[in-house]
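This report walks through one protein model, from empty space to packing to backbone. Keep the sequence and the coordinates open as you read.

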Amino acid sequence: MIPDSWLADRTRQIELSGIRKVFELGKSLKDPVNLSIGQPHFPVPEPVREAAKAAIDAGHNGYTVTQGVAELRERLAVDTAARFPGQDRDVLVTGGTSGGLLLALMAAVNPGDEVITPDPYFVAYPHMITLAGGQMVAVAGYPDFKLDPDRIAAALTPRTKVILLSTPSNPTGVVAEPDTLKAVAELARKRGVLLISDEIYRAFHYDGAAHSPAEWDENVLVVEGFGKTYAMTGWRLGWAHERELLELRHLGEEALRP
């Protein structure tokens, strides 16, 4: 058994994921309907599988540059530029969407900073925020689970550092209206708060085009991924884009020069 003294204090604030509890309960049920996790019920598209196998056979199995393979980043940059015309958004490939969110929180949140997120929220959000040293502030979405800019505004304090939201929402599936996303983006910009938009489910819009709060502010940090859209959840492949990523990378490169 690991001695308690080996564990950092922040780990004591992390509980077993609710999803894992559901898994354990499901084991005791006979023929349950599995609604416990966002795993698509279709295979990875054949062109993706064939390309991956070809890359392995060609020896592309070593380290890549930190920002991600250049060809992939270039393709993602083209897609991002088409969706956010006029914005100079840089792209960073991440170890999944959750990996991208954790990196963003670790980079932005100081101990004691507050992170606002609508409730219900993705089960990993509070633990990511805890690991970053922050305090989560949950804004109630009941009874309709809709994103409410006024409730977010009321929750802002001088210690607020980040607003973290997802649309379509995980776990409710509710899609935020464009006017609502615009209001939250403008609120974050006015108050000098980083807005992180978790858009892992961006492809799952059935009643109209997808919208992002980044349409109204280039400083919104958007985190996306391939897992849900292409059934590649086990590949843990995501990406993030925002204007400041470009500036921060250039500052880092400048600092490393002899």
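## A loop tyrosine

A residue is called buried under 20% relative accessible area, exposed over 50%, and partly exposed in between. The model is predicted. Tyr-230 has 37% relative accessibility, so it counts as partly exposed. Its place is the loop between β6 (221-225) and β7 (238-242).

What does Tyr-230 touch, leaving out residues up to four places away in sequence? The contacts are Phe-42, Pro-43, Val-44 and Pro-45. Pro-45 is 185 residues from Tyr-230 in sequence. In space, the two C-alpha atoms are 6.7 Å apart.

## The neighbouring alanine

Ala-231 is also in the loop between β6 and β7. Its relative accessibility is 9%, and therefore it counts as buried. Its phi is positive, near 60 degrees, and Ala-231 is not a glycine. Most residues other than glycine have a negative phi.

## The cavity

Rolling a probe the size of a water molecule over the atoms shows where empty space is left. How many cavities of 30 Å³ or more does a search of the whole structure find? The search finds one. The volume of the largest cavity is about 230 Å³. Its lining has 25 residues. Closest to the centre are Pro-118, Phe-145, Leu-147, Ser-166 and Ser-169.

Four elements give two or more residues to this lining: β2 (114-119), β3 (135-140), α6 (149-155) and β4 (160-166). The largest share, three residues, is from β2. Sorted by class, the lining of the largest cavity holds 14 nonpolar, seven polar and four charged residues.

## Phe-145 at the cavity

Phe-145, one of the residues closest to the cavity centre, sits in the loop between β3 and α6. Is Phe-145 buried or partly exposed? Its relative accessibility is 34%, so it counts as partly exposed. The backbone of Phe-145 has a positive phi of about 65 degrees, although the residue is not a glycine.

## The second largest pocket

The second largest pocket holds about 860 Å³ of space. It is lined by 23 residues. Ala-55, Val-69, Leu-72, Trp-235 and Leu-237 lie nearest its centre. By class, 15 lining residues are nonpolar, seven are polar and one is charged.

Which elements each supply at least two residues of this lining? They are α2 and α3 (70-83). The most comes from α2, with five residues.

## Nonpolar cores

The largest nonpolar core has 20 residues. Which of them touch the most other members? They are Ile-116, Leu-147, Ile-152, Ile-163, Val-184 and Leu-195. Elements giving two or more residues to this core are α6, β4 and α7 (178-191). α7 gives the most, with five residues. Another core lies apart from it, with 18 residues, among them Ala-104, Val-115, Ile-196 and Leu-221.

Now take Ile-116 on its own. Leaving out residues up to four places away in sequence, Ile-116 touches Val-137, Val-139, Ile-152, Ala-155 and Leu-156. It also touches Thr-160, Val-162, Ile-163 and Leu-164.

## Two helices

Helix α2 covers residues 46-57, 12 in number. From first C-alpha to last it reaches 16 Å, close to the 16 Å expected at 1.5 Å a residue. Gly-59 follows α2, and its phi is positive, near 90 degrees.

Helix α4 (residues 96-108) has 13 residues. It reaches 18 Å between its first and last C-alpha, close to the 18 Å expected at 1.5 Å a residue. Its buried residues are Gly-96, Thr-97, Gly-100, Leu-101, Ala-104, Leu-105 and Ala-108. An α-helix has 3.6 residues a turn, so residues three or four places apart point the same way.

## Cis peptide bonds

Most peptide bonds are trans. Where is Pro-120, which is joined to Asp-119 by a cis bond? Pro-120 is in the loop between β2 and α5 (125-131). Omega of the Asp-119 to Pro-120 bond is about 10 degrees.

The bond from Asn-170 to Pro-171 is cis as well, with omega near 25 degrees. Pro-171 is found in the loop between β4 and α7.

Note on methods. Residues are numbered from 1 along each chain as its sequence is written. This is a predicted model: local features need pLDDT of at least 70, side-chain atom pairs count only at pLDDT 80 or more; totals for chains, interfaces and linings use all residues. Side-chain values use heavy atoms; hydrogens and water are left out. On a 1 Å grid over the protein atoms alone, a cavity is a set of points where a 1.4 Å probe fits but cannot get out, and a pocket is an open set with protein on both sides within 12 Å along at least five of seven lines; lining residues have an atom within 4 Å of a point. Grid points are joined across faces, edges and corners, and a volume is the space filled by probe spheres set on the points. Ala, Val, Leu, Ile, Met, Phe, Trp, Tyr, Cys and Pro count as nonpolar, Asp, Glu, Lys and Arg as charged, and the others, Gly among them, as polar. A nonpolar core is a set of buried Ala, Val, Leu, Ile, Met, Phe, Trp, Tyr and Cys residues joined through side-chain atoms within 4.5 Å. Buried means under 20% relative accessible area, exposed over 50%, partly exposed in between (1.4 Å probe, protein chains only). Contact means heavy atoms within 4.5 Å. The expected span of a helix is 1.5 Å times one less than its number of residues.
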